[in-house]
Amino acid sequence: MKRGIWKVLAAVVVVTAGVTLIALPRNAEWTTSSPEALREFEAAMEAQTKLYHAEAQAHLERAIELDPDFVIAKLQYRGYSHGDKERANRLVEEVLNADLGGLTPREQFMIERFRLLTEERGDEAEALLDSYLEAYPNDPWVVYTKAME
């Protein structure tokens, strides 16, 4: 009988630990105040991996519409602005002038690297990539970026 109680108690502990791990909030990968905008952004990134560019653009436009302060969505939009270069340039300008303080380290890295590449400071951009990769070796976005270089 006591053995059965211990088994039940152990099962309760395991289930409680599992529920706690699932319920704990994860660190946000992207900075937005809108869960809907985040879903649109993630849908855009998924479409991008499938090379569905028109779909990715539509999702990014919707993400920016839902959260006009979604800086990384604006940065990603620049690659899909085939018809509206003026809007893309305006969004890029907003990205370059954005306050990076509240953004995730990945977002800060991506924007700073974009800035360096825009200013044709490739050596500094490469050094920034290497230092970020050293600090965050498991960041799939940065590992991909390094692999593409």
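**A walk through an all-helix model**

The largest pocket has a volume of about 670 Å³. Here a pocket is an open set of points on a 1 Å grid over the protein atoms alone, where a 1.4 Å probe fits, with protein on both sides within 12 Å along at least five of seven lines; the volume is the space filled by probe spheres set on those points. This is a predicted model, in which local features need pLDDT of at least 70, side-chain atom pairs count only at pLDDT 80 or more, and totals for chains, interfaces and linings use all residues. Residues are numbered from 1 along each chain as its sequence is written, and side-chain values use heavy atoms, with hydrogens and water left out.

Let's look at the pocket's walls. Its lining has 19 residues (those with an atom within 4 Å of a point), and Gln48, Gln76, Trp141, Tyr144 and Thr145 lie nearest the centre. Helix α8 gives the largest share, six residues.

Now step back to the fold. The protein has eight helices and zero strands, counted as DSSP runs (H or I, at least four residues, for helices; E, at least two, for strands). Buried residues, those under 20% relative accessible area with a 1.4 Å probe and protein chains only, make up 32% of the 149 residues.

Finally, the inside. The largest nonpolar core, a set of buried Ala, Val, Leu, Ile, Met, Phe, Trp, Tyr and Cys residues joined through side-chain atoms within 4.5 Å, has 31 residues. Phe41 and Ile111 are among those touching the most other members. Helices α2, α3, α4, α5, α6 and α7 each supply at least two residues of this core.

Terms used
Buried means under 20% relative accessible area, exposed over 50%, partly exposed in between (1.4 Å probe, protein chains only).
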